[in-house]
Amino acid sequence: MDYIFDLEIGKNLGIIKRKKEAEPILFTLQKLFKAYFSCRKLKRKTINALKFEINCELKLLAIQKELQNHIYRPGRSACFAIIYPKLREIFAADFRDRIIHHLLINEIEPYFDRRFIFDSFACRKEKGSHKALFRLRKFICQITKNKTQNAFYLQLDVKSFFSTIDKNILYAIIKREIFQKEILWLAKTIIFHDPTRNYFFKGEKDLFKQIPAHKSLFNAPENKGLPIGNLTSQFFGNVYLNELDQFVKRKLKVKYYLRYVDDLVLLSENPEQLKEWRKEIDHFLKEKLKLELHPKKDKSGSVYQGVDFVGYIVKPNYVLSRKRVIGNLKTKLHYFNQGLLLVSNNQKQMILPISKPPGKKEIKTMLAIVNSYYGHFKHGNCYRLRKNIYEKHFGELKKYLKPTKDYRCFKL
């Protein structure tokens with residue numbers, strides 16, 4: 001509660017009055033419009049976004065009434081599989097539901113973000129993969145006393161994270177921190193919604209046969225698992241694993257610890273200490289969060305061997321890009337020089353014929369692809385790599401793209 005000074009009485013008597021805070025109103029048109037505009041930023045040209053834009057005011061009014069009367073229920077999701085960066089099952093909510101996801105996250109994100117540890121990097125503002133990379137480099141420099149002594153790392157992965165999240169535990173965590181009834185009702189509605197009961201297939205169904213059974217929501221037990229593909233799932237994943245973050249920092253007192261989604265990195269001067277921490281973390285996950293570490297994905301060793309993290313190999317003296325990333329770019333350049341365009345659209349890779357000579361649209365597509373990869377390379381010690389790829393693999397593309405002096409990016 002805030003204390004305020006009553007000007008009329010307090011001047012003479014010095015009386016302090018307690019001002020009672022009213023519960024914030026969540027379902028206002030102003031907040032709905034804000035959620036709508038943030039939702040359509042990257043989706044405005046999609047069919048569903050364009051359909052919603054027609055008479056959007058009336059549609060937002062209808063959503064407001066559903067929310068105010070507590071009759072809102074999530075609609076039909078699009079279910080499909082993606083292959084990049086790896087094979088996954090996706091449940092994409094309808095554009096209308098995405099607006100409500102943004103509405104909820106806009107309300108609770110500022111509150112929870114203050115409670116997250118500094119070194120949690122996924123799905124947070126100004127906390128992306130490159131920030132995680134810089135932080136790990138700083139940690140390695142500190143623990144090796146500026147590269148003068150040895151240190152060790154342990155990398156852990158939570159097994160089938162999103163498909164094994166316990167919804168009851170997740171809601172209990174949110175209920176422990178949030179007291180506004182409207183927010184709790186909406187959070188509960190979204191968390192306990194089962195997308196496998198109302199969906200339609202999109203894309204190639206054959207890809208679903210390749211998805212492991214334990215990673216699919218169709219095989220998840222009751223009240224287990226969140227759909228990959230929704231803003232709320234990404235945020236709820238952070239809320240869920242923040243319990244682990246707090247345990248690692250407060251109970252285990254691990255000084256050098258980072259997390260990117262479900263990828264954990266711990267550093268220590270003592271490899272035996274890392275083994276002990278691994279046991280404690282595994283026990284905590286099983287007892288408190290009903291999760292477990294993947295038994296076959298542990299990585300450990302000297303930091304001088306390199307830590308494979310967020311697409312880079314991080315060593316005390318330098319940072320390299322992963323071979324898989326380099327190979328993907330070389331493959332796309334090879335196809336271009338063969339008169340073909342290799343384009344990834346998440347669900348599959350498409351090979352499209354290129355006109356001779358290549359058209360402006362095709363060149364712009366390759367420019368975007370190349371600059372995306374070179375934007376990744378520039379955060380590592382990759383000058384020779386950038387130059388080598390340009391000189392040996394660009395081929396015909398040299399006629400259309402010009403590199404900067406340091407080979408950091410290209411222009412037409």
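Here are a few exercises, with worked solutions, on a predicted model.

**Exercise 1. Work out the order of the strands in the sheet that holds β10, β11 and β12, and find which strands stand at the edges.**

Solution. Start with a bit of background: strands of a sheet pair through backbone hydrogen bonds, either parallel or antiparallel.

Step 1: This is an open sheet of three strands, and the order reads β10-β11-β12, with antiparallel pairing.

Step 2: β10 (307-309) and β12 (319-321) each have a single partner strand, so they stand at the edges and one side of each is left without a neighbour in the sheet.

Step 3: Now zoom in on one pair. Strand β11, residues 312-314, is joined to β12 by three bridges, and the two run antiparallel. For a concrete example, take valine 314: its bridge partner in β12 is valine 319.

Step 4: Check the twist. On average, and with direction ignored, neighbouring strands of the sheet β10-β11-β12 are turned by 25 degrees against each other.

Step 5: Add the helix. α6 (residues 129-143) lies across β10, β11 and β12, and runs at about 15 degrees to β11.

**Exercise 2. Do the same for the sheet of β4, β3 and β6: what is the pairing, and which strands are at the edges?**

Solution. Step 1: Here the open sheet of three strands goes β4-β3-β6, and the pairing is mixed.

Step 2: Look for strands with a single partner. These are β4 (88-92) and β6 (199-201), so each stands at an edge with one side left without a neighbour in the sheet.

Step 3: For the twist, the average turn between neighbouring strands of this sheet is 30 degrees, direction ignored.

Step 4: Take a look at β3 and β4, which pair in the antiparallel sense over five bridges. One spot to find is alanine 81, whose bridge partner in β4 is glutamate 89.

**Exercise 3. Find the residue that forms a salt bridge with lysine 145, and say where each partner sits.**

Solution. Step 1: The idea is simple: side chains of opposite charge can pair when their charged atoms come close. A search of the whole structure turns up 23 salt bridges.

Step 2: Lysine 145 pairs with glutamate 269, and their closest N and O atoms are 3.4 Å apart. The cut-off for a salt bridge is 4 Å, so this pair counts.

Step 3: Place the two partners. Lysine 145 is in the loop between α6 and β5 (152-157), while glutamate 269 is in the loop between β8 (263-268) and α11 (271-289). They are 124 residues apart, so the pair links distant parts of the chain.

**Exercise 4. How many cavities of 30 Å³ or more does the structure hold, and what lines them?**

Solution. Step 1: Rolling a probe the size of a water molecule over the atoms shows where empty space is left. The count comes to two cavities of 30 Å³ or more.

Step 2: The largest cavity has about 160 Å³ of space. It is lined by 18 residues, with His101, Ile190, His193, Pro227 and Asn230 closest to its centre. Two or more lining residues come from each of α5, α9 (181-191) and α10 (231-251), and α10 has the largest share with three.

Step 3: Sort that lining by type, and you get 10 nonpolar, seven polar and one charged.

Step 4: The second largest cavity has about 40 Å³ of space. Its lining is made of Ala122, Cys123, Phe161, Phe162, Gln234, Gly237, Asn238 and Val261. Again α10 gives the most, three residues. Sorting this lining gives five nonpolar, three polar and no charged residues.

**Exercise 5. Describe the second largest pocket: its volume, and the residues nearest its centre.**

Solution. Step 1: About 430 Å³ of space lies in this pocket.

Step 2: The lining has 14 residues, and Asn48, Ala92, Ala93, Arg98 and Lys202 lie nearest the centre.

Step 3: The elements giving two or more residues to this lining are α3 (47-53), β3 (77-82) and α5 (95-113).

Step 4: By type, the pocket lining splits into seven nonpolar, two polar and five charged residues.

Definitions and conventions. Residues are numbered from 1 along each chain as its sequence is written. This is a predicted model: local features need pLDDT of at least 70, side-chain atom pairs count only at pLDDT 80 or more; totals for chains, interfaces and linings use all residues. Side-chain values use heavy atoms; hydrogens and water are left out. On a 1 Å grid over the protein atoms alone, a cavity is a set of points where a 1.4 Å probe fits but cannot get out, and a pocket is an open set with protein on both sides within 12 Å along at least five of seven lines; lining residues have an atom within 4 Å of a point. Grid points are joined across faces, edges and corners, and a volume is the space filled by probe spheres set on the points. Helices (H or I, at least four residues) and strands (E, at least two) are DSSP runs, numbered from the N terminus. Ala, Val, Leu, Ile, Met, Phe, Trp, Tyr, Cys and Pro count as nonpolar, Asp, Glu, Lys and Arg as charged, and the others, Gly among them, as polar. Two strands pair if DSSP finds at least two bridges between them. Axes are lines fitted to C-alpha atoms, for helices over the stretch in contact, and angles run from 0 to 180 degrees between N-to-C directions. Contact means heavy atoms within 4.5 Å. A salt bridge is a side-chain nitrogen of Lys or Arg within 4 Å of a carboxyl oxygen of Asp or Glu.
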